[in-house]
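Let's take a relaxed tour of a protein model. Have the sequence and the 3D view open while you read.

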Amino acid sequence: MSDPDEWTLEESVTEYETGWYTGGYDRVTQPDGSEKRYYWAELPDAVVVVAVADNQVLFVEQYRPAIRQTHLELPAGIVEDGESFTTAGARELREETGFDPAGVSLLQEFWCSTGVLRHRRGIVFAEGLEPAERELDSNEFLTIRTVPVDEALDRARAQPTNDATVEGVLLAKEEGLL
């Protein structure tokens, strides 16, 4: 295993900032003495919600302009300043689907795509759903879909799919929640 002390940060440069992320590079001296630039993009923490009601998993269908595809995926969103993953998950679920959960538990938190991203994700499980008012953001054009619990993994793996949906369903299934 590589010792972090063998890596020296020589310089960290932010090359651009957008409303969504910051990008730049770190110039480091590697264990063999050579220097290299490691490029990165930094994004705020995000939460993904596995929500179950009446033996159905809630999904949202939405077009993703970055990849030019419509996906059936788990509700998700940015963690606001001061929020925990569970608080953000309850808020995002309400905003995107119009359901308030009675309980939200953290299944896992982790770093994503560590070769290029500075981005943490939390997967939460929500249950005891009660109807609430939906509050979509100006860039959210979502359709709520439900999938029977016993079909959720197959649906999550069906193309097109994404990492957050597959991870969320797999973690919930492994915990015995699906």
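What follows goes from the domains, to the place where they meet, to a few odd spots in the loops.

## Two domains

First, keep in mind that this is a predicted model. The domain assignment splits the protein into domain 1, residues 8-42, and domain 2, residues 46-175. If you take the centres of domain 1 and domain 2 over their C-alpha atoms, they sit 30 Å apart.

There is also a record to look at. UniProt, in an unreviewed entry, lists residues 42-171 as "domain: Nudix hydrolase". In the model, that span is 22% helix and 42% strand, and the C-alpha atoms at its two ends are 25 Å from each other.

## Where the domains touch

How many residues does each domain bring to the contact? Domain 1 puts in 6 residues and domain 2 puts in 5. Together, domain 1 and domain 2 bury about 500 Å² between them, and 45% of that is on carbon and sulfur atoms. Looking at what domain 1 buries against domain 2, you'll find that Trp40, Ala41 and Glu42 supply 62% of the area, more than any other three residues.

There are also 3 residue pairs in polar contact between domain 1 and domain 2. Which strand gives the most residues to the side of domain 1 that touches domain 2? That's strand S3, residues 35-42, with 4 residues. Sorted by class, this side of domain 1 has 4 nonpolar residues, 2 charged ones and no polar ones.

## A salt bridge across the gap in sequence

A search of the whole structure turns up 12 salt bridges. One pair to find in your viewer links distant parts of the chain: arginine 118 belongs to strand S10 (residues 117-118) and aspartate 26 to strand S2 (residues 22-29), 92 residues apart. Even so, their side chains meet in a salt bridge, with 2.6 Å from N to O. Across the interface of domain 1 and domain 2, the count is 1 salt bridge.

## Odd spots in the loops

Here's a bit of background: most residues other than glycine have a negative phi, and most peptide bonds are trans. Now look at asparagine 55, in the loop between strand S4 (46-53) and strand S5 (56-64). Asparagine 55 isn't a glycine, yet its phi is positive, at about 65°.

Next, go to the loop between H2 and H3, where you'll find proline 160. The peptide bond joining glutamine 159 and proline 160 is cis, with omega at about -5°.

Asparagine 162 is also in the loop between helix H2 (152-157) and helix H3 (163-174). What does asparagine 162 contact, leaving aside its neighbours within four places in sequence? The partners are His71 and Glu73. Closer to home in the sequence, a polar atom of the asparagine 162 side chain lies 3.2 Å from the backbone nitrogen of alanine 164.

Notes. Residues numbered from 1 in each chain as written. Predicted model: local features only at pLDDT ≥ 70, side-chain atom pairs only at ≥ 80, totals over all residues. Heavy atoms only, no water. Domains from an automatic or database assignment. Contact = heavy atoms within 4.5 Å. Buried area = accessible area lost by both parts, 1.4 Å probe. Salt bridge = Lys/Arg side-chain N within 4 Å of Asp/Glu carboxyl O. Polar contact = N/O pair within 3.5 Å; in protein donor to acceptor, adjacent residues only side chain to side chain. Nonpolar A, V, L, I, M, F, W, Y, C, P; charged D, E, K, R; others polar. UniProt positions renumbered as here; feature names shortened; annotations may be inferred.
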